[in-house]
Structures are given as C-alpha cells and as structure tokens.
Amino acid sequence: MKKPHTTDLERMQLALEEAKKCGKDVPVGCVIVKDGVVIGIGRNERETTGDPTAHAEIQAIRQAAQKLGGWRLENTTIYSTLEPCPMCAEAIIQSRIQKLVFGAYDPQSGAAGSAFNLFCPGRIYPIPEIVGGLLEQECQNLLVEFFKASKR
C-alpha cells in the first residue's frame, strides 16, 4: 500500500462528514473523485431505505455512474470510511475504479485483506491501487461511538 497524498486526506474528511449524516444507520461515508471533482457521494442507508444493498460505496457508485453517463468509472478514486465488504469490493472492481482509499479496517467482513481479499492479483479485471488506514482512528471512533450508543 502506498503512502497517501494530502488530497487523499481532504477527500477522506469529506467521506467522514458524510458518515456523520447516517442517523440510525451504521456510520459509513464515501465519495468518488474524478479529475479532482467529487462525482459521487454516498452514506449507509440500509435502515433508512430498507434496502440491503444501500451501502455507502454502492450509493456513491450509482451516483457517479449516473453523472458520467455510464458504468465504467475509470480514472476515479473512491474514499470510504470503512474497508469495503465483499459486495462493495466487487462493485468497485466491476466499475473499474482505479484507486481505493479507506479508513477503518473491518476484521469481520472487510474484503481488502482483513477478512477476505477480493483485490488479489490474477483476476481478469483491473485491480485498483489500495490505500488502507487513512484517518483510521477517526473512522474507527465514529463506529465505536455508534455501537456504544445503540448497544448493538
């Protein structure tokens, strides 16, 4: 994993701000950037919408694809406050996102190496560059406080 750039920190802050808007949902936020412009924003909305696929990454990918007018999100970077689950990891790969930056690691269901690794070499699809643990403590604290308050 490569060392993050200053712009990565700024974009992860945007994802953190989005995560803080989750209300009764687990606080996960996400932004997608192309050529320095945010083209997709998402936050976890599974509880709010009753949709099991309404993860922050999926929401942001849908918005970015709509904005670009197609499903190929080449030359984009996705920033998520939590290591993607298998569903989101595969969506990132399938949408051809070039770089993944995430905050907190997820040892239970993280698919960027913690519990699984869907970003392994040898796949026929392009695998994004991965930067993990950016603003990890801030992202982790948001989750810990949520679960402490909700006693889940």
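A residue counts as buried when its relative accessible area is under 20%. Keep that cut-off in mind as we walk through this predicted model. Take Cys 139 as a first try: its relative accessibility is 2%, so Cys 139 counts as buried. Cys 30 sits at 0%, and therefore counts as buried too.

With two cysteines in view, you might wonder about disulfides. How many disulfides does a search of the whole structure find? The number is 0. For Cys 30, the nearest cysteine sulfur belongs to Cys 88 and is 8.1 Å away. For Cys 139, the nearest cysteine sulfur is that of Cys 30, at 11 Å. A disulfide would need the two sulfur atoms to be within 2.5 Å.

Now let us turn to the strands. Begin with strand E1, which covers residues 29-34. Of its 6 residues, 5 are buried, so E1 is largely enclosed by the rest of the structure. E1 has two antiparallel partners to look at. One is strand E2 (residues 37-43), which pairs with E1 over 6 bridges in the antiparallel sense. The other is strand E3 (residues 76-82), joined to E1 by 5 bridges, again in the antiparallel sense. Val 33 is a handy landmark here: it stands opposite Val 38 in E2, and its bridge partner in E3 is Thr 77.

From E3 you can step on to strand E4. These two strands run parallel and are joined by 5 bridges. At one point along them, Ser 80 stands opposite Phe 102 in E4. E4 is mostly covered, with 6 of its 6 residues buried. As you look along any of these strands, it helps to remember a general pattern: in a regular strand, side chains alternate between the two faces of the sheet.

Next, look at the turn that links E1 and E2. These strands form a hairpin with 2 residues between them. Asp 35 lies in this loop, and its phi is near 50°, a positive value in a residue other than glycine. Why is that worth a second look? Most residues other than glycine have a negative phi. Asp 35 has a relative accessibility of 69%, so Asp 35 counts as exposed. A similar case is Asn 75, in the loop between H3 and E3. The phi of Asn 75 is near 60°, also positive in a residue that is not glycine. At 49% relative accessibility, Asn 75 counts as partly exposed, because exposed means over 50%.

That brings us to helix H3 (56-68). Its 13 residues should span 18 Å at 1.5 Å a residue, and the end C-alpha atoms are 18 Å apart, so the two values agree. Which residues of H3 are buried? They are Ala 56, Glu 57, Ile 58, Gln 59, Ala 60, Ile 61, Ala 64 and Ala 65. The cover over these buried residues includes E1, E2, E3 and H4. Just after the helix, Gly 69 takes a positive phi of about 80°.

H3 also leads us into the interior. The largest nonpolar core has 43 residues, and those with the most contacts inside it are Ile 32, Ile 61, Ile 78, Leu 100 and Phe 119. Several helices and strands give two or more residues to this core, including helix H1 (6-19), E1, E3, E4 and helix H5 (136-150). H3 gives the most, with 6 residues. Follow Ile 61 to see how parts of the chain meet: leaving aside neighbours within four places in sequence, Ile 61 is in contact with Ile 32, Leu 73, Ile 78, Ala 91, Ile 92, Ser 95 and Ile 97.

Finally, let us look for aromatic rings that pair up. A search of the whole structure finds 2 aromatic pairs. Phe 102 and Tyr 105 form an edge-to-face pair, 5.0 Å centre to centre with 80° between the planes. Phe 102 has 0% relative accessibility, so it counts as buried, whereas Tyr 105, at 30%, counts as partly exposed. Phe 146 and Phe 147 are also edge-to-face, at 5.2 Å centre to centre and 80° between the planes. Here Phe 146 counts as buried at 14% relative accessibility, while Phe 147 counts as partly exposed at 34%.

Definitions and conventions
Residues numbered from 1 in each chain as written. Predicted model: local features only at pLDDT ≥ 70, side-chain atom pairs only at ≥ 80, totals over all residues. Heavy atoms only, no water. Buried < 20%, exposed > 50% of the residue type's maximum accessible area, 1.4 Å probe, protein only. Helix = DSSP H or I, 4+ residues; strand = E, 2+ residues; numbered from the N terminus. Pairing = 2+ DSSP bridges. Core = buried A, V, L, I, M, F, W, Y, C linked by side-chain atoms within 4.5 Å. Contact = heavy atoms within 4.5 Å. Expected span 1.5 Å × (residues − 1). Phe/Tyr/Trp six-rings, centres within 6.5 Å; stacked < 30°, edge-to-face > 60°.
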